Amino acid sequence: MKYFFLLCVHTLPHTQVHMKLSHTISSICAFICISFSQAQVIQRIDPPHWYHKLGSDTVELLCYGTMKAGVPAEFSSSTAGVALIDPHTQVEDGYKILRLVLKDTAVHTIQIQCRQGKQKQTLQYKVYPKPKFGEKITASDVMYLIMPDRFANGDARNDSIAGMKEGAHRKKEDGRHGGDIPGITQHLSYIKSLGVTSLWLTPVVENNQPRQSYHGYACTDHYRVDPRFGSAAQYLAFTSACQTVGIKIVLDMVYNHCGSEHSLYKKPVQADWFHRFDTFTRSNYRITALTDPYAAPSEQVKMLNGWFDHHMPDINQSNPLVQQYLIQNTLWWMAQTGASAIRIDTYPYSDAGFLEQLGKRVKAAFPESFIFGETWEHSLVSQAHFAPGVFETQPTSTADAVTDFQTCFTLQQALNEPFGWNTGLSRLYYLNAGDKVYSNPKYLVTFGDNHDLNRMHAQYGRNMAKTKMALAYLFMNRGIPCVFYGTEILMDDTGAHGAIRRDFPGGFIGGWEAGFAGETKDAFTPEGRNAMEQHSFNYIRDLANIRAAYAPLFEEGKRMQYIPNQGVYRGFIYNDSMAIGYFINQSATSQHLDLREFPDLRLQDAEQMDLMGGTPILKGSVVHIAPESVTIVLFRY
Ligand SMILES: [Ca+2]
Ligand SMILES: [Ca+2]
């Protein structure tokens with residue numbers, strides 16, 4: 001039952017500079033250019049507009065309106081260079097599926113005529129040139145995860161909005177607190193100053209649920225930015241600003257479920273768009289049931305089709321129309337935002353065939369995009385099952401990588417117990433040895449905490465030395481480290497989701513309700529951080545700067561680890577001209593490493609530099625590591 005509370009909440013985005021302004025403007029226009037009235041045959045179309053060359057010349061339009069079985073209707077287009085096809089797909093009253101074939105990529109405004117009984121309507125549908133793809137995610141990236149409701153309130157006017165079921169109430173742990181997209185935009189320079197290169201926001205799509213709507217994982221409109229986070233224009237201004245400062249966008253996409261207030265759940269297009277049961281049936285949340293050779297088939301079905309929660313109906317992704325709807329929605333958001341990556345929520349809970357199609361379509365449209373799946377699992381094999389590697393024959397392995405919960409869990413255990421043959425930091429040695437199951441472990445997304453786990457500093461007993469050792473390992477070891485907002489200032493909450501996702505201090509000054517007037521701390525500024533917080537901020541920034549300064553090494557370098565000894569983990573990343581050694585000493589005494597212990601690398605005659613201290617250690621033969629600390633050395637040979 002722990003999962004029930006921990007899992008129910010979970011993100012996003014990236015891009016590029018050129019033509020961004022014009023693209024943003026055209027996208028904003030696209031959001032508003034079609035207006036419908038209740039009397040019209042077609043009252044809404046998903047997607048609201050489209051792009052040329054997204055891996056296919058065809059887009060399927062889900063039309064909402066007055067269509068009824070038994071009432072003949074005709075749909076056509078008079079625009080040259082396109083074909084509008086009625087595939088006569090069986091759908092419920094009020095819906096119509098039309099297929100638009102874009103033969104001429106110079107066509108941008110398409111006339112659609114429809115006639116139903118005495119009703120006639122002509123509308124315009126916009127198709128834009130394919131936008132440029134953002135910058136590619138690499139193995140040297142540093143990711144930052146933000147839950148927008150809890151980071152910064154940039155516009156108090158959107159905290160509560162008429163028509164949205166839940167308003168802001170900062171005293172409620174699971175309520176909305178008013179944070180929004182403008183708040184993040186206003187603090188991009190802070191994020192940039194930490195050395196972050198890619199930004200993942202938890203989902204910003206509309207979540208018009210009566211409760212717990214702040215987290216974004218119960219979507220009620222796949223094509224709308226939640227107005228309490230800001231307008232579509234503000235969202236696109238944000239993604240544009242990210243491009244301008246060189247921060248890549250990671251979109252958080254949720255395919256497994258949506259919110260129970262979603263119109264497509266309340267009034268499905270076809271009866272089988274959702275998994276339904278006679279009595280409420282929850283997923284067993286056991287990913288292992290999918291990978292276990294001894295699994296009971298009924299438990300596999302329950303894992304996949306059971307609901308995530310009462311207010312999160314499970315989507316039947318084996319339906320081809322559902323697949324098309326979700327895939328097009330993904331391409332639409334990627335095109336709009338110039339995202340570099342998508343993070344797929346609850347990845348293993350989804351239909352394997354759907355995930356395969358999704359991966360193929362995303363890569364066809366954006367070949368350089370990066371896809372990683374959330375795999376909250378407790379065994380290496382089950383986690384690796386969903387990543388490229390030895391289990392690649394599994395149809396679900398269309399992602400480039402997965403979230404590396406094994407690193408998170410192993411690191412926590414390793415630093416909270418004494419060193420031994422198979423305990424303490426020896427666990428890191430075994431963890432890395434397990435990378436044999438992956439074909440590209442450098443793309444695993446690693447972390448010490450996230451929006452579902454106790455805060456990292458708390459996991460390490462609020463022991464600064466341990467937290468720093470964990471951070472250094474995450475930043476120097478293989479994988480793309482992801483920092484959860486607030487980790488840099490040692491936010492240390494535990495327990496309920498709402499607590500872990502505490503408001504970033506300084507993000508809500510001046511915009512909060514009565515009862516919070518005493519809050520003045522602004523950790524976005526150096527003056528607002530205490531000495532320990534500043535120390536932690538600087539430490540993460542310095543680690544991030546190493547990844548940036550030696551990016552080719554982190555992207556293409558080889559790795560080697562030596563068997564841990566005397567409480568010290570000894571890892572290297574190297575190429576033909578240099579190596580970076582990261583030595584983590586969890587023992588209570590100073591350790592001195594004789595470089596002759598590493599005969600496989602050309603270290604003894606190399607020039608050395610202490611990368612965290614900045615001091616040259618010219619051609620020494622011994623590396624010193626203080627008790628419970630990390631030394632990171634650059635060797636140039
Ligand atoms: Ca707000
Ligand atoms: Ca499912």
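Strands β4 (residues 58-65) and β7 (residues 95-102) run antiparallel to each other and pair over 7 bridges; strands count as paired once DSSP finds at least two bridges between them. Within this pairing, valine 59 sits opposite leucine 100 of β7. Elements are DSSP runs numbered from the N terminus, with helices (H or I) of at least four residues and strands (E) of at least two. The model is a predicted one, with local features needing pLDDT of at least 70 and side-chain atom pairs counting only at pLDDT 80 or more, while totals for chains, interfaces and linings use all residues. Residues are numbered from 1 along each chain as its sequence is written, and chains are lettered from A and ligands numbered from 1 in the order in which they are written.

The two strands belong to an open, antiparallel sheet of 4 strands, ordered β2-β4-β7-β6. At its edges lie β2 (42-46) and β6 (82-85), each pairing on one side only.

Across β2, β4 and β7 lies helix α9 (residues 320-337), contact being C-beta atoms, placed from the backbone, within 7 Å. Helix α9 also gives the most to the largest nonpolar core, with 9 residues.

Then there is α10 (residues 352-365): its 14 residues should span 20 Å at 1.5 Å a residue, and the end C-alpha atoms are indeed 20 Å apart. The expected span is 1.5 Å times one less than the number of residues. Its buried residues (20 or more other C-beta atoms within 10 Å of their own) include Phe354, Leu358 and Arg361. Among the elements covering the buried residues of α10 are α9, β15 (341-344) and β16 (370-373).

Conventions:
Contact = placed C-beta atoms within 7 Å. Axes fitted to C-alpha atoms, helices over the stretch in contact; angles between N-to-C directions. Buried ≥ 20, exposed ≤ 12 C-beta atoms within 10 Å, placed from the backbone.
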